[in-house]
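Here's a quick tour of one protein chain. Have a look at the picture, then read on.

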Amino acid sequence: MVADLELQESRNVKVGNLDVRRALPRRQHRTVGAWCFADHFGPEQVAPGRGADIGPHPHMGLQTVTWIITGELTHFDSLGSDQLLVPGQLNLMSAGRGVSHSEESTRQYEGTIHGIQLWIAQPDVTRFDAAAFEHHAELPMLDLADTTATVLLGEFGAVASTARRDSDLLGVELVIRSDVVVPTRSDYEYCLIVLEGTIEVGEIVASPGQSVYVPTGREEIRVRARDNARVMVLGGVPFDSDIVMWWNFVARSRDEIDDAVASWSSDDGRFGRVASSLARIDSPLPAWQPASHKSLPR
Ligand code: MN
């Protein structure tokens with residue numbers, strides 16, 4: 001007995017200047033494999049002074065995966081990285097115990113920006129490691145009849161990405177011109193996030209702002225594109241730890257989050273420094289913390 005597919009509605013949120021459709025996390029599915037966060041941004045016009053700029057902010061316990069369809073972004077981080085990202089390339093940052101970064105468009109780019117930012121929860125074996133950054137200028141591609149697959153992370157068909165993976169997962173972008181049978185692993189669950197066009201999966205019809213959750217137990221997924229469609233397929237073995245996700249941090253307890261907030265707020269060096277002209281983003285106060293005396297008038 002194979003469980004049913006589910007249509008998921010993304011949540012509309014604002015991140016910096018950009019309108020974002022947040023596909024993950026969902027109440028029903030906090031994670032898909034180790035994938036714990038998915039923000040589909042644009043297509044939107046950006047220009048100097050009104051860019052897709054996110055100033056320096058910290059991360060821990062997760063990997064950031066940045067993928068753009070149109071436009072360009074520059075990634076700066078506390079490891080000293082200064083990396084331009086253009087369509088077809090992958091930026092992958094592993095936060096481990098702490099890193100900070102900014103993503104900027106203002107200085108060099110005017111035009112349309114469209115893409116997706118994803119986070120992957122790191123397992124216990126790597127989440128306390130030192131931070132790392134990878135840029136992949138070329139990724140393996142695979143043709144499936146009328147579909148082109150670009151493999152960001154993991155193995156798909158006969159090809160595999162060399163990008164770092166801390167758990168058993170897959171990230172692949174499909175550009176589908178008609179119908180495709182997507183080979184799947186029965187021990188993986190999947191989320192198909194529609195970036196462009198409209199797809200049909202079984203009885204489900206999904207467009208940008210929607211995604212299709214596919215539970216474990218399937219050997220393939222049949223996807224029909226009504227028009228040319230672009231889909232980000234995230235998959236993985238269901239994540240075996242209960243995560244606590246708050247602001248830019250992924251942890252296992254509120255105490256770990258409290259420590260990270262304190263480190264970022266006091267700038268104690270744990271998250272390093274980013275060489276950026278943008279303002280550092282302050283941490284909000286976790287909802288579970290009583291308002292501290294510092295916030296009261298003196
Ligand atoms: Mn970030």
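Which protein donors hold the manganese ion, and how far from it do they lie? In this predicted model, the donors are H57, H59 and H101, each through its NE2 atom, at 2.1 to 2.2 Å from the manganese ion. If you trace them along the chain, they follow the spacing H-x1-H-x41-H. H59 and H101 link distant parts of the chain, as they are 42 residues apart. Here's where those two sit:

| Residue | Strand | Residues of the strand |
|---|---|---|
| H59 | β5 | 54–59 |
| H101 | β10 | 99–104 |

Are these two buried or exposed? Both H59 and H101 turn out to be buried.

Now zoom out to the whole chain. Its secondary structure comes to 26 strands and one helix. The chain's radius of gyration is 19 Å, close to the 19 Å that the globule rule gives for 298 residues, so the chain is as compact as a globular protein of that length. Along its principal axes, the C-alpha trace spans about 65 × 45 × 35 Å.

What about the inside? Buried residues make up 56% of the 298 residues. Take the contacts between residues at least 6 apart in sequence: 71% of them join residues at least 24 apart.

And the outside? The accessible surface of the chain is about 13100 Å², and carbon and sulfur atoms account for 48% of that.

Last up, charge. You'll find 41 negative side chains and 27 positive ones, with the centres of the two sets 6 Å apart.

Conventions:
Residues are numbered from 1 along each chain as its sequence is written. This is a predicted model: local features need pLDDT of at least 70, side-chain atom pairs count only at pLDDT 80 or more; totals for chains, interfaces and linings use all residues. Side-chain values use heavy atoms; hydrogens and water are left out. Donors are N, O and S atoms within 2.8 Å of the metal (3.2 Å for Na, K and Ca); water is not among the atoms, so sites may look incomplete. Helices (H or I, at least four residues) and strands (E, at least two) are DSSP runs, numbered from the N terminus. Buried means under 20% relative accessible area, exposed over 50%, partly exposed in between (1.4 Å probe, protein chains only). The radius of gyration is taken over C-alpha atoms; the globule rule is 2.2 Å times the number of residues to the power 0.38. Contact means heavy atoms within 4.5 Å. Accessible areas come from the Shrake-Rupley method with a 1.4 Å probe; for residues, only the protein chains shown count as cover. Lys and Arg count as positive and Asp and Glu as negative; His and the chain ends are not counted. The place of a charge is taken as NZ of Lys, CZ of Arg, CG of Asp or CD of Glu.
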